[in-house]
Amino acid sequence: MAVTGATGFIGRHVLAQLYRYPVDVVALVRDSNSNIIKDFAGKVVTVDLCQPPTDLFNLLGSPDILIHLAWGGLPNYQSLHHFEQELPCQYQFLKELIQSGLSNLIVAGTCFEYGMQSGALEETLVTCPCTPYGYAKNALRCQLEYLQSQQPFKLAWARLFYMYGDGQPQTTLFSQLKSAIENRHDVFNMSGGEQLRDYLPVSEIAKILVKLALKSRNIGIVNICSGNPISIRRLVEYWIETHGWEIQLNLGYYPYPEHEPMAFWGTRRKLNRFLEEF
């Protein structure tokens with residue numbers, strides 16, 4: 001099994017979960033000097049996704065499964081980089097591995113593929129992305145589905161909702177709150193907090209991704225979510241209560257994001273069905 005984006009926020013948790021299973025793991029990284037990868041017991045391969053070596057599949061040990069988490073240009077969801085540079089590189093990279101013999105692919109998608117649709121979002125909904133990032137991810141999924149008609153392989157498109165946990169980028173809500181606590185701030189500036197979102201701990205997301213990979217099934221699109229909407233204000237209050245932090249919330253300091261609806265969350269019926277079979 002191979003994992004791209006192995007040193008990223010999700011990738012490092014996926015590697016930790018894979019230790020629980022008797023599988024050989026190859027970690028694909030941009031920088032082999034990363035402290036995150038130094039203690040990794042498996043094989044590490046440094047590769048540029050846009051300029052991979054021609055014999056990459058053999059270099060990886062001819063893996064039958066790839067968990068593909070790598071994606072550049074984040075967290076700027078509005079950057080044209082996502083479809084001008086990232087999309088063609090990503091597709092070509094995956095296509096070459098598939099044509100070389102990769103038979104099972106798990107790709108991290110995004111709830112941003114749904115766009116401004118509100119309420120409970122099911123996998124059967126027509127996608128309508130409103131950001132370059134969401135558009136590029138959705139386009140990659142479509143390209144891979146077309147490729148399946150020419151080169152059969154199993155695809156699980158793991159449409160990720162929101163997540164939190166240690167090691168998250170500093171631009172995220174959880175990391176900003178934690179930083180405010182560590183810097184002894186009296187208040188935490190945030191939006192009004194009434195928007196409803198779907199959150200899971202990153203460790204739980206990693207468990208799910210690994211289970212989907214080991215199933216080796218042509219799952220298609222599947223929401224990776226809790227299925228339980230929670231307001232951002234209640235979520236922040238939960239983090240503060242759980243960690244025993246002391247800080248006041250300055251609600252309404254920031255406006256609500258224009259690229260997200262006020263209330264949306266994922267349905268989990270399809271995911272639960274596959275997990276019950278595990």
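Which strands does helix 4 (residues 132-150) lie across, and at about what angle does this helix run to strand 7? The views below are of a predicted model, in which local features need pLDDT of at least 70 and side-chain atom pairs count only at pLDDT 80 or more, while totals for chains, interfaces and linings use all residues. Residues are numbered from 1 along each chain as its sequence is written, and side-chain values use heavy atoms, with hydrogens and water left out.

**View 1. Helix 4 lies across strands 5, 7 and 12.** Helix 4 lies across strand 5 (104-110), strand 7 and strand 12, and runs at about 165 degrees to strand 7. Helices (H or I, at least four residues) and strands (E, at least two) are DSSP runs, numbered from the N terminus; axes are lines fitted to C-alpha atoms, for helices over the stretch in contact, with angles from 0 to 180 degrees between N-to-C directions, and contact means heavy atoms within 4.5 Å.

**View 2. Seven strands form an open sheet with parallel pairing.** The order of the strands is 3-2-1-4-5-7-12, where two strands pair if DSSP finds at least two bridges between them. Strand 3 (43-46) and strand 12 (220-224) stand at the edges with a single partner strand each, so one side of each is left without a neighbour in the sheet. From one strand to the next, the twist averages 20 degrees.

**View 3. Strand 7 is joined by bridges to strand 5 and to strand 12.** Seven bridges join strand 7 to strand 5, with Gly 109 having Arg 159 of strand 7 as its bridge partner. Five bridges join strand 7 to strand 12, where Ile 221 is the bridge partner of Trp 157. Strand 7 is largely enclosed by the rest of the structure, because six of its seven residues are buried (under 20% relative accessible area; exposed is over 50%, and partly exposed in between, with a 1.4 Å probe and protein chains only).

**View 4. Pro 75 lies in the loop between strand 4 and helix 3.** The peptide bond from Leu 74 to Pro 75 is cis, with omega near 10 degrees. Leu 80 also lies in the loop between strand 4 and helix 3 (81-100), and counts as partly exposed at 44% relative accessibility.

**View 5. Arg 184 and Ser 216 have positive phi values.** Arg 184, in the loop between helix 5 (173-182) and strand 9 (187-189), has a phi of about 60 degrees although it is not a glycine, and counts as exposed at 75% relative accessibility. Ser 216, in the loop between helix 6 (202-215) and strand 12, has phi near 50 degrees.
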